[in-house]
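Here are a few exercises to work through with the model open beside you. Try each one before you read its solution.

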Amino acid sequence: MFLRLSNGIFLYNNRAKELYIQKGVSPKKLIVIYNSLNFDETEYNRKQYNPLHKHSLLSIFQNAKLPVALYIGRVNKDKKIDTLLQSLKVLKDRNINLNCFIVGDGNDKANLESMVQQLNLTGQVHFTGSQYLEKDISQYMMASDVCVCPGPIGLTGIHALSYGVPAISNDNFNRQGPEHEAIIPGITGNFFCEGNVEDLAEKMHQCILARISDKEKNIQNCLDVIHNYYNPYYQRDIINQTILEKS
């Protein structure tokens, strides 16, 4: 009844549109507007990035030459960061070693630090603590090769892609943030079977290989999605167009 009162409904993703259509809402009312972050700020930081800073950040690791995975967000149990650590161990046992930044803080940090030692990942995983300044976050983003969120990804996916970094999250779309649609399997990241450590390890490896194969194309694929859809200028144009059509 509430939806029927409106002339149009803005939605964050196409999946929501399909679900509403299945419930009998007219497709003419449903406008997918996507979502965005501070586009201008991330663009500025990306263009100002100095590769020399990467060497400084990576010096914290035992082997600074390894590819880098990154998690950013709250360090709590519901984020399932333990799945990421276990996947790093799976790859290590296959003689495929990655470094990993855990950017953020939370009540599961001590447990995860202990797990790093138990899994023999010391020297490969670094907890940065909370980072709130975008100029600092951008350094970690652009020093990384893949962003991994084992739980729901939400705007973190947009954040990573804005810096040209592919993203990986789980395939339970009923519990995902709407921004998961920015992840195009094999193009801007991938999805792994929720809770499956082996599958996450495999998807991480695939993303790293794609990055190594053609880094510039890998970066551009991510940026294209942001520049085409997930930015406030695209949203502004959709809003203006919708108002004209509905007025």
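## Exercise 1: the two sides of H5

Helix H4 (81-93) and S5 are among the elements that cover the buried residues of H5. A quick note before you start: this is a predicted model, where local features need pLDDT of at least 70 and side-chain atom pairs count only at pLDDT 80 or more, while totals for chains, interfaces and linings use all residues. Residues are numbered from 1 along each chain as its sequence is written, and side-chain values use heavy atoms, with hydrogens and water left out.

Task: work out which residues of helix H5 (residues 109-118) are buried, and which are exposed on the other side.

Solution.
- Step 1. Get the terms straight: buried is under 20% relative accessible area, exposed is over 50%, and partly exposed is in between (1.4 Å probe, protein chains only). Helices (H or I, at least four residues) and strands (E, at least two) are DSSP runs, numbered from the N terminus.
- Step 2. Pick out the buried set: Lys109, Leu112, Met115 and Val116.
- Step 3. Look down the axis of H5: its buried residues fall within an arc of 120°, so they line one face of the helix. The arc is taken over the directions from the helix axis to the C-beta atoms.
- Step 4. Recall the general rule: an α-helix has 3.6 residues a turn, so residues three or four places apart point the same way.
- Step 5. Turn to the other side of H5, where Ala110, Gln117 and Gln118 are exposed.

## Exercise 2: just after H5

Task: find the residue with positive phi that follows H5, and say what it touches.

Solution.
- Step 1. The residue is Asn120, with a phi near 60°, and its place is in the loop between H5 and S5.
- Step 2. Asn120 is partly exposed, at a relative accessible area of 48%.
- Step 3. Leaving aside residues up to four places away in sequence, Asn120 touches Lys89 and Lys92 (contact means heavy atoms within 4.5 Å).

## Exercise 3: H2 and H6

Task: list the buried residues of H2, then say what they pack against.

Solution.
- Step 1. In H2, Phe39, Thr42, Glu43, Asn45 and Arg46 are buried.
- Step 2. These residues cover an arc of only 165° around the axis, which puts them on the same side of H2.
- Step 3. Tyr44, Lys47 and Gln48 are exposed on the other side of H2.
- Step 4. Packing against the buried residues of H2 are H6, H7, H9 and helix H10 (232-246).
- Step 5. Follow up on H6 (residues 134-142): this helix is mostly covered, with seven of its nine residues buried. Strand S3 (68-72) and strand S4 (99-103) are among the elements that its buried residues pack against.

## Exercise 4: H8 against H9

Task: at what angle do the axes of H8 and H9 cross?

Solution.
- Step 1. The axes of helix H8 (residues 197-213) and helix H9 (residues 215-228) come within 5 Å and cross at roughly 115°.
- Step 2. H8 and H9 are therefore roughly perpendicular to each other (the range is 65 to 115 degrees).
- Step 3. Ala210, Arg211 and Ser213 of H8 meet Lys215, Asn218 and Ile219 of H9 in this contact.

## Exercise 5: cysteines

Task: how many disulfides does the structure hold?

Solution.
- Step 1. A disulfide is a pair of cysteine sulfur atoms within 2.5 Å, and the count is zero.
- Step 2. For Cys149, the nearest cysteine sulfur is that of Cys147, 4.4 Å away.

Terms used: Axes fitted to C-alpha atoms, helices over the stretch in contact; angles between N-to-C directions. Parallel < 35°, antiparallel > 145°, perpendicular 65-115°, else oblique.
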